[in-house]
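This report describes the empty spaces and the surface of the structure shown below.

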Amino acid sequence: MQIPEPWILSNDRTTWELGKHCYNILSLGIVHQGVAFPVLWWILDQKGNSNSDERMRFIEEFCQIFPDARISFVCGDREFVGQAWVRYLLLEPSMAFRLRIRATDRIERNGVSLAARVVFAHLQKGQSQRLKGFCRVWGCPVSVEALRLDDGKLLVVISPDASEELVKDYASRWGIETLFGIFKTRGFCLESTQMTVPERKRKLFALLTLALCWSMLTGKRTSSVSTYSH
């Protein structure tokens, strides 16, 4: 796909049930042109969220496959949080991140610890705020920015660096939601599979990834020829 480095990574999980079977797939993709192209996926053998240990082993496998890759940052929603996970990402060689924390998670500033929803209670819909300097979340030094969404919910993003656009950076995470939409309801119909053997599901996900890349590359060539012909 010739995706230029440094890469933006998006980490998420897609799940659905068919009869008595639960399909739960943890995936990591490189965000490019609004889509997260999968480079690693695990078939989880349980319902519900992944845990910190699984996520750490997941990233370790990615680093083994791509030992020399330059990473801009990895994105994750509120499932991908917690002290152990953040501390792991901060270990040398560290990996920058843009993680959404929960409104109930506590932010420590100047020795005072308050829930994120309290810190940003004053924000109106569409308003955002970047806290000055570094704060602490789960004891880790981070930058914090929040946005009050149109539905009234609070989007709070943490990062280990002083980027001025944490919320904008975090928006890259939606590339993996676009991926799951393509794989499931908008084209490849992954949810229609009745495969229950994990290895077969893993291979099917691989085939869909190849099909996605082929489709994107073919679309590019077709678009270029059409533009040239006109």
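A pocket is an open set of grid points with protein on both sides within 12 Å along at least five of seven lines, whereas a cavity is a set of points where a 1.4 Å probe fits but cannot get out. The model examined here is predicted.

The largest pocket has a volume of about 320 Å³. Its lining comprises 17 residues, and I59, C63, P93, S94 and M95 are those that lie nearest the centre of the pocket. Two or more lining residues are given by each of α1 (52-65), β4 (71-76) and α2 (83-90). Of these elements, α1 provides the largest share of the lining, 4 residues.

The whole structure holds 1 cavity of 30 Å³ or more, and the volume of the largest cavity is about 30 Å³. W16, Y23, I25, L190, T193, K201, L204 and F205 line this cavity. Both β2 (21-32) and α6 (198-229) give two or more residues to the cavity lining, and α6 gives the most, with 3 residues.

The composition of the two linings by class is as follows.

| Space | Nonpolar | Polar | Charged |
|---|---|---|---|
| Largest pocket | 13 residues | 2 residues | 2 residues |
| Largest cavity | 6 residues | 1 residue | 1 residue |

On the surface, V112, L114 and V118 form a nonpolar patch whose accessible area is about 230 Å² together. L114 belongs to strand β7 (residues 112-115). Partly exposed residues lie between the limits of 20% and 50% relative accessible area; L114 counts as partly exposed because its relative accessibility is 36%.

Terms used: Residues numbered from 1 in each chain as written. Predicted model: local features only at pLDDT ≥ 70, side-chain atom pairs only at ≥ 80, totals over all residues. Heavy atoms only, no water. 1 Å grid on protein atoms, 1.4 Å probe; cavity = no way out; pocket = protein on both sides within 12 Å on 5 of 7 lines; lining within 4 Å. Points joined across faces, edges and corners; volume = space filled by probe spheres on them. Nonpolar A, V, L, I, M, F, W, Y, C, P; charged D, E, K, R; others polar. Patch = residues over 30% accessible without salt bridge, like charges linked within 9 Å, V, L, I, M, F, W, Y side chains within 5 Å. Areas by Shrake-Rupley, 256 points an atom, 1.4 Å probe, with all protein chains shown as cover. Salt bridge = Lys/Arg side-chain N within 4 Å of Asp/Glu carboxyl O. Buried < 20%, exposed > 50% of the residue type's maximum accessible area, 1.4 Å probe, protein only.
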